Amino acid sequence: MRAFGFKEINGDIVELDLPCPEPGEGEVLIRVSHAGVNFAEVQHRRGDFGAPEPTGDVPGLEAAGAVAAVGPGVRGFGIGDQVTAYLPAFGGYAEYVVAPAAFTYPVGDLDPVVAAGAPTVLTTAYGLLVGAGRLAAGDTVLIHAAAGGVGTAAVQLAKALGAGQVIGTVGSADKVAYAKEFGYDEVVVRDGFAEQVRELTGGRGVDLVLDSVGGSTRADSLGVLAVFGRLAAFGDAGNHPDLTLAVRPLWKSNQLVGGFNIGDLARRAPELVTRFARAALDLVAAKQVRIDVTEVLPLPDAGVALDGLAAGTSRGKLVLRA
Ligand SMILES: NC(=O)c1ccc[n+]([C@@H]2O[C@H](COP(=O)([O-])OP(=O)(O)OC[C@H]3O[C@@H](n4cnc5c(N)ncnc54)[C@H](OP(=O)(O)O)[C@@H]3O)[C@@H](O)[C@H]2O)c1
């Protein structure tokens, strides 16, 4: 089958000729129509997940298409069903991919282009808010990278789940108006955000920070936490060195620091991945949350999509057409 991937760290995305995968126990085979593009694939190509296989690694954490085969033990899916799936073992940039049936969801009335960009960001944003972030009604939330795939979904989910004021930060002023379309009460440029957040919250600070940027953004986020405020780290888009935090200042100032990782959740609590995704997809079906696909590129242009994401110039979701 035709797939697109890379054979060396930071290598070009090239066409690969690979055997079609076969669905194992509890898996479905999907004939891919569209694949979502995620920052994780930028990290995959830059070697954050190790060196690629000699035959090439195929990135892609999510894909939509038609069920082409089902493995032993799979119930509830038939050949031809239109589905979208979170792919914990990657592989979405291909003609066919296998997905755990537990992470495969019927597309329903959703446009397959939008459906392809939904499972990973929705599960992540919902898991961050409800799982890691323990969001309570009325909580004030700060979301970094507010105009991105996860950021645009997270603000809508936060509001749907009863959050109070939601503030976003973006890397450059040209993203402010776009991010605001998704329901942020305020969007500020990240440089110097801490002072602005303190002002916008009347000095109280925020109950929850979702941070995918790292470095000084993460360190400065600690300084804007309200009493019992939670900082949920879930990415390192800035590629900064990791932070070393002392514990004593955390308990001395009533702060909580934690994190979210969808891959770990898929391995250790797969039922939560399914629950978070289904709950968020229900909000999409109810039109309370929308996934904004800003660009659809042909699969051979996967490298162009990844370059845009790596440069931090993209907004919303990018999707590849197989
Ligand atoms: N832990 C998990 O399970 C999990 C799951 C999914 C995604 N994630 C993480 O969540 C984040 C969002 O993912 P996404 O796919 O929706 O991506 P995205 O937010 O659409 O794109 C990444 C954004 O990160 C910001 N950024 C900050 N510093 C950057 C830098 N040095 N280079 C490039 N971008 C930079 C940019 O926004 P600004 O212009 O606003 O700075 C950029 O648009 C990523 O960091 C990803 O790794 C984690």
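Here is a short tour of this protein, from its overall build to one sheet and one pocket. The model you are looking at is predicted. It holds 11 helices and 15 strands. Its radius of gyration is 19 Å, close to the 20 Å that the globule rule gives for 322 residues, so the protein is as compact as a globular protein of that length.

**Overall dimensions**

- If you draw a box along the principal axes, the C-alpha atoms of the protein fill roughly 55 × 40 × 35 Å.

**A sheet to trace by eye**

- Six strands come together in an open sheet, and their order across the sheet is 10-9-8-11-12-13.
- The pairing in this sheet is parallel.
- As a reminder, strands of a sheet pair through backbone hydrogen bonds, in either a parallel or an antiparallel way.
- At the edges you will find strand 10 (186-189) and strand 13 (255-259), each of which pairs on one side only.
- Neighbouring strands of the sheet are turned against each other by 20 degrees on average, with direction ignored.

**Zooming in on one strand pair and one helix**

- Strand 9 (residues 166-170) runs parallel to strand 10, and four bridges join the two.
- To see one residue pairing, start at G168 and look for its bridge partner in strand 10, which is V187.
- Helix 3 (residues 119-132) packs on the sheet, where it touches strand 11 (206-211), strand 12 (225-233) and strand 13.
- The direction of helix 3 makes about 140 degrees with that of strand 11.

**The second largest pocket**

- The second largest pocket has a volume of about 350 Å³.
- Its lining is made of 18 residues, and the closest to the pocket centre are V58, A89, F90, G91 and V97.
- Which strand gives the most to this lining? Strand 6 (residues 96-100) does, with four residues.
- What classes of residue make up the lining? There are 14 nonpolar residues, two polar ones and two charged ones.

Key
Residues are numbered from 1 along each chain as its sequence is written. This is a predicted model: local features need pLDDT of at least 70, side-chain atom pairs count only at pLDDT 80 or more; totals for chains, interfaces and linings use all residues. Side-chain values use heavy atoms; hydrogens and water are left out. On a 1 Å grid over the protein atoms alone, a cavity is a set of points where a 1.4 Å probe fits but cannot get out, and a pocket is an open set with protein on both sides within 12 Å along at least five of seven lines; lining residues have an atom within 4 Å of a point. Grid points are joined across faces, edges and corners, and a volume is the space filled by probe spheres set on the points. Ala, Val, Leu, Ile, Met, Phe, Trp, Tyr, Cys and Pro count as nonpolar, Asp, Glu, Lys and Arg as charged, and the others, Gly among them, as polar. Two strands pair if DSSP finds at least two bridges between them. Axes are lines fitted to C-alpha atoms, for helices over the stretch in contact, and angles run from 0 to 180 degrees between N-to-C directions. Contact means heavy atoms within 4.5 Å. The radius of gyration is taken over C-alpha atoms; the globule rule is 2.2 Å times the number of residues to the power 0.38.
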